[in-house]
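Got the viewer open and the selection box ready? Here is a walk through one fold, stop by stop, with what to select and what to look for.

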Amino acid sequence: MNSIRFLRLAAVSLLALIAATQFATAGDEQWDSKLIPQGVTLTGKRADFPAGSLAMLEKQEASFGLCNDSQYLYVMLAFRNPMYARAIRRGGLTVWLDANGKKARDFMIKYTGGPTREQMMTLRKQGTEMQERQMPPEMRERMDEMEIDSAPVFICYQKDRIAEKPIPVDGSEGPSAVFGVDQGFCVYEFKIPLKESAIRSYGMGVKQGQKFSVGLVWGEMPQERGGSHMGFSDGMPGGGGMRPPDGMGEGPRDGGRGGGMMHRGQMPEKQEVWVKAKLGVSGN
């Protein structure tokens with residue numbers, strides 16, 4: 001009996017060790033971007049990001065990936081919530097990057113797109129979100145009928161240089177974006193040049209080992225736009241939600257599952273998470 005208990009405890013310890021290598025733990029003040037010398041090939045799958053490059057957005061119930069090589073920064077957001085996917089299809093997923101490690105909104109890429117109508121219907125059937133279960137069946141059917149397939153829109157903005165310009169998602173003008181559905185997860189991946197281009201300046205302008213910050217924003221509706229910077233407000237919310245970084249971000253105000261109270265036509269409230277980071281260098 002003692003040997004069986006020992007084996008069980010050993011198995012639990014092993015699983016905990018594996019989890020620790022896959023996801024960062026709480027309490028860290030800064031998330032260091034993992035150096036991946038060979039780079040990352042973006043295919044729309046969570047496995048694109050290796051062990052040590054992943055963390056959890058606890059309140060949003062999402063996975064966050066961050067790593068770099070000598071030329072590019074790689075960012076990933078993955079979740080199961082079909083309401084988030086619908087919000088990003090309509091209002092986009094914005095990635096803000098501040099080369100000074102603060103929350104300045106000087107460089108931005110924004111991806112508006114996501115699952116096809118067929119994929120969206122499958123995701124909704126698989127979804128277990130409380131908001132989905134509480135919706136009347138006829139409303140869910142109408143929402144399925146409203147889903148329209150459209151080509152993704154990818155926008156780049158850089159203060160004093162680029163004014164919210166649509167660019168190809170394939171990286172031919174610097175940043176690139178890939179979306180995929182992976183075992184019920186919606187996966188959004190981005191590849192951003194570390195250096196500014198002498199021609200287009202579509203890059204972060206940071207060096208290896210330099211501190212920077214990443215802001216992820218989704219759940220904004222198109223009607224909220226109306227000024228520069230895609231209509232985002234200047235105020236930055238605070239409040240936790242990211243593990244391991246230092247508590248910058250915004251979680252649901254109702255204290256429930258990621259997505260918060262439903263409003264504005266059964267859409268989740270705006271989500272905003274900021275992460276302080278440092279680019280990985282050789283020898284890390």
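Select Val217 and Glu272 to begin: Val217 stands opposite Glu272 in β14. Bear in mind as you go that this is a predicted model. Now extend the selection to both strands, β12 (211-218) and β14 (271-278). β12 and β14 pair in the antiparallel sense, and eight bridges hold the register between them. Colour β12 by accessibility and you'll find seven of its eight residues buried, so β12 is largely enclosed by the rest of the structure.

**The whole sheet**

Zoom out a little. β12 and β14 belong to an open sheet of seven strands, ordered β1-β14-β12-β6-β7-β8-β9, with mixed pairing. Which strands sit at the edges? They are β1 (31-32) and β9 (162-166), each of which pairs on one side only.

**Stepping to β6**

On the other side of β12, pick β6 (residues 93-98). β6 pairs with β12 over six bridges, in the antiparallel sense, and a good marker for the register is Leu97, which stands opposite Val214 in β12.

Next, select Asp98, which is also found in strand β6. Is Asp98 buried or exposed? With a relative accessible area of 2%, Asp98 is buried. Show what is around Asp98, skipping neighbours within four places in sequence, and you get contacts with Lys103, Ala104, Phe212 and Ser213. Then draw a C-alpha to C-alpha distance from Asp98 to Lys276: the two are 9.4 Å apart in space, although 178 residues apart in sequence.

**On to β7**

Select β7 (residues 107-112). Five bridges join β7 to β6, and the two run antiparallel; look for Leu93 standing opposite Tyr111 in β7. Across the other flank, β7 and β8 also run antiparallel, joined by six bridges, with Ile109 opposite Cys156 in β8.

Turn on side chains for β7. Phe107, Ile109 and Tyr111 point one way, Met108, Lys110 and Thr112 point the other way, and all are buried. That makes six of six residues buried, so β7 is largely enclosed by the rest of the structure.

Now add helix α2 (residues 82-91) to the view. Helix α2 lies across β6, β7, β12 and β14, and runs at about 110° to β7.

**Ring hunting**

Hide everything but the aromatics. There are nine aromatic pairs in the structure. Start with Trp96 and Tyr157, an edge-to-face pair at 6.2 Å centre to centre with 75° between the planes. This pair links distant parts of the chain: Trp96 is in strand β6 and Tyr157 in strand β8 (residues 153-158), 61 residues apart. Trp96 is buried at 0% relative accessible area, and Tyr157 counts as buried too, at 8%.

Go back to Tyr111 and add Tyr188. Why is this pair edge-to-face? The ring planes meet at 70°, and anything over 60 counts as edge-to-face; the centres are 6.2 Å apart. Here too distant parts of the chain are linked, with Tyr111 in β7 and Tyr188 in strand β11 (residues 185-193), 77 residues apart. Both are buried, Tyr111 at 6% relative accessibility and Tyr188 at 1%.

Widen the selection to Phe79, Tyr84, Tyr111, Phe154, Phe179, Tyr188, Phe190 and Trp218: ring pairs link these into a cluster.

**Into the core**

Two of those cluster members, Tyr188 and Phe190, turn up again in the largest nonpolar core. That core has 44 residues, and those with the most contacts inside it are Leu66, Leu73, Phe79, Tyr188 and Phe190. Centre on Phe190 and, leaving aside neighbours within four places in sequence, you'll see contacts that include Leu42, Leu73, Leu93, Val95, Ile109, Tyr111 and Phe154. Apart from this core lies another, of eleven residues, among them Val40, Leu54, Tyr74 and Met76.

**Last stop: charges over rings**

Select Arg46 and Phe185. The charged end of Arg46 sits over the Phe185 ring, 3.8 Å from its centre. Then try Lys191 and Tyr72, where Lys191 lies over the face of Tyr72 at 4.3 Å from the ring centre.

Definitions and conventions
Residues are numbered from 1 along each chain as its sequence is written. This is a predicted model: local features need pLDDT of at least 70, side-chain atom pairs count only at pLDDT 80 or more; totals for chains, interfaces and linings use all residues. Side-chain values use heavy atoms; hydrogens and water are left out. A nonpolar core is a set of buried Ala, Val, Leu, Ile, Met, Phe, Trp, Tyr and Cys residues joined through side-chain atoms within 4.5 Å. Buried means under 20% relative accessible area, exposed over 50%, partly exposed in between (1.4 Å probe, protein chains only). Contact means heavy atoms within 4.5 Å. Rings of Phe, Tyr and Trp (its six-membered ring) pair if their centres lie within 6.5 Å; planes under 30 degrees apart count as stacked, over 60 as edge-to-face and the rest as tilted. Helices (H or I, at least four residues) and strands (E, at least two) are DSSP runs, numbered from the N terminus. A charge sits over a ring if NZ of Lys or CZ of Arg is within 6 Å of the ring centre and within 35 degrees of the ring normal. Two strands pair if DSSP finds at least two bridges between them. Axes are lines fitted to C-alpha atoms, for helices over the stretch in contact, and angles run from 0 to 180 degrees between N-to-C directions.
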